[in-house]
Amino acid sequence: MMAYPDEKTAFIGFFMIAASIQNTRIGSNIIDDLCRYLADIRLSRVWLGWVKGNPQAEHFWHKNNFKEIRITILWL
């Protein structure tokens, strides 16, 4: 989502890559290109969501230089 939760932030709710192309850098390249584009259009932050306890997602985002800010939302 563009401009959420504020005008300078983009939000990635879920980002998934087919298992058959994981570990090929395709996902990382997509995120690199996306972040470059967002910077070009003057968005200064990217927030994202991943399911807590998903080690593959956590590894992917950390590998791509994203840092946790420890916001947890529980859906009931």
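Here is a short, friendly tour of this predicted model, point by point.

1. **The overall plan.** Let us start with the whole chain. The protein chain holds two helices and two strands, and read from the N terminus these elements follow the order β-α-β-α. The C-alpha trace covers about 35 × 35 × 20 Å along its principal axes. That gives you a frame for placing the residues discussed below.

2. **Surface and interior.** Of the 76 residues in the protein chain, 18% are buried. About 6,200 Å² of the protein chain is exposed, and carbon and sulfur atoms account for 58% of that area. As for how the chain meets itself, take the contacts between residues at least 6 apart in sequence: 60% of them join residues at least 24 apart.

3. **How the two helices meet.** Helix α1 covers residues 26–40 and helix α2 covers residues 55–63; their axes come within 11 Å and cross at roughly 50°. That angle makes α1 oblique to α2, since an oblique pair is one that falls outside the ranges for roughly parallel, roughly antiparallel and roughly perpendicular. The crossing of α1 and α2 is right-handed.

4. **Who makes the helix contact.** Which residues of α1 and α2 make the contact? On the α1 side they are Gly27, Ser28 and Ile31, and on the α2 side Phe60, Trp61 and Lys63. Sorted by character, the residues of this contact come out as three nonpolar, two polar and one charged.

5. **Ile31, a good residue to click on.** Ile31 sits in helix α1. Is Ile31 buried or exposed? Its relative accessible area is 2%, so Ile31 is buried, the cut-off for that label being under 20%. Setting aside neighbours within four places in sequence, Ile31 is in contact with Ile12, Phe15, Phe60, Trp61 and Phe66. Two of these partners, Phe60 and Trp61, belong to the α2 side of the helix contact. For Phe15, the C-alpha to C-alpha distance from Ile31 is 9.3 Å, with their positions 16 residues apart in sequence.

6. **Cys35, also on α1.** Cys35 is another residue of helix α1. With a relative accessibility of 26%, Cys35 counts as partly exposed. Once neighbours within four places in sequence are left out, Cys35 has contacts with Val46 and Phe66. Phe66 is also on the list of contacts for Ile31. The C-alpha atoms of Cys35 and Phe60 lie 15 Å from each other, and the two residues are 25 apart along the chain.

7. **Thr9, at the strand end of the story.** Thr9 belongs to strand β1. Its relative accessible area is 0%, so Thr9 is buried. What does Thr9 touch, not counting residues up to four places away in sequence? The partners are Met1, Met2, Ala3, Tyr4, Leu43, Arg45 and Trp47. Strand β2 spans residues 45–48, and Arg45 and Trp47 are among the residues that Thr9 touches.

8. **Lys67, beyond the last helix.** Lys67 is found in the segment after α2. At a relative accessibility of 66%, Lys67 counts as exposed. Lys67 and Thr9 are 58 residues apart along the chain, and 15 Å separates their C-alpha atoms. Thr9, by contrast, is buried.

9. **Backbone features worth a look.** Most residues other than glycine have a negative phi, and most peptide bonds are trans. Three places in this model are worth checking with that in mind. The peptide bond from Tyr4 to Pro5 is cis, and its omega is near 5°; Pro5 is in the segment before β1, the strand of residues 9–12. Tyr4 is also one of the residues touched by Thr9.

10. **Two arginines with positive phi.** Arg25 is not a glycine, yet its phi is positive, near 75°. Arg25 is placed in the loop between β1 and α1, and with 45% relative accessibility it counts as partly exposed. Arg42 likewise has a positive phi, of about 75°, without being a glycine. Arg42 is in the loop between α1 and β2, and its relative accessible area of 61% makes it exposed.

Conventions:
Residues are numbered from 1 along each chain as its sequence is written. This is a predicted model: local features need pLDDT of at least 70, side-chain atom pairs count only at pLDDT 80 or more; totals for chains, interfaces and linings use all residues. Side-chain values use heavy atoms; hydrogens and water are left out. Axes are lines fitted to C-alpha atoms, for helices over the stretch in contact, and angles run from 0 to 180 degrees between N-to-C directions. Helices (H or I, at least four residues) and strands (E, at least two) are DSSP runs, numbered from the N terminus. Angles under 35 degrees count as roughly parallel, over 145 as roughly antiparallel, 65 to 115 as roughly perpendicular and the rest as oblique. A crossing is left-handed if the near helix is turned anticlockwise from the far one by less than a right angle, and right-handed if clockwise. Contact means heavy atoms within 4.5 Å. Ala, Val, Leu, Ile, Met, Phe, Trp, Tyr, Cys and Pro count as nonpolar, Asp, Glu, Lys and Arg as charged, and the others, Gly among them, as polar. Buried means under 20% relative accessible area, exposed over 50%, partly exposed in between (1.4 Å probe, protein chains only). Accessible areas come from the Shrake-Rupley method with a 1.4 Å probe; for residues, only the protein chains shown count as cover.
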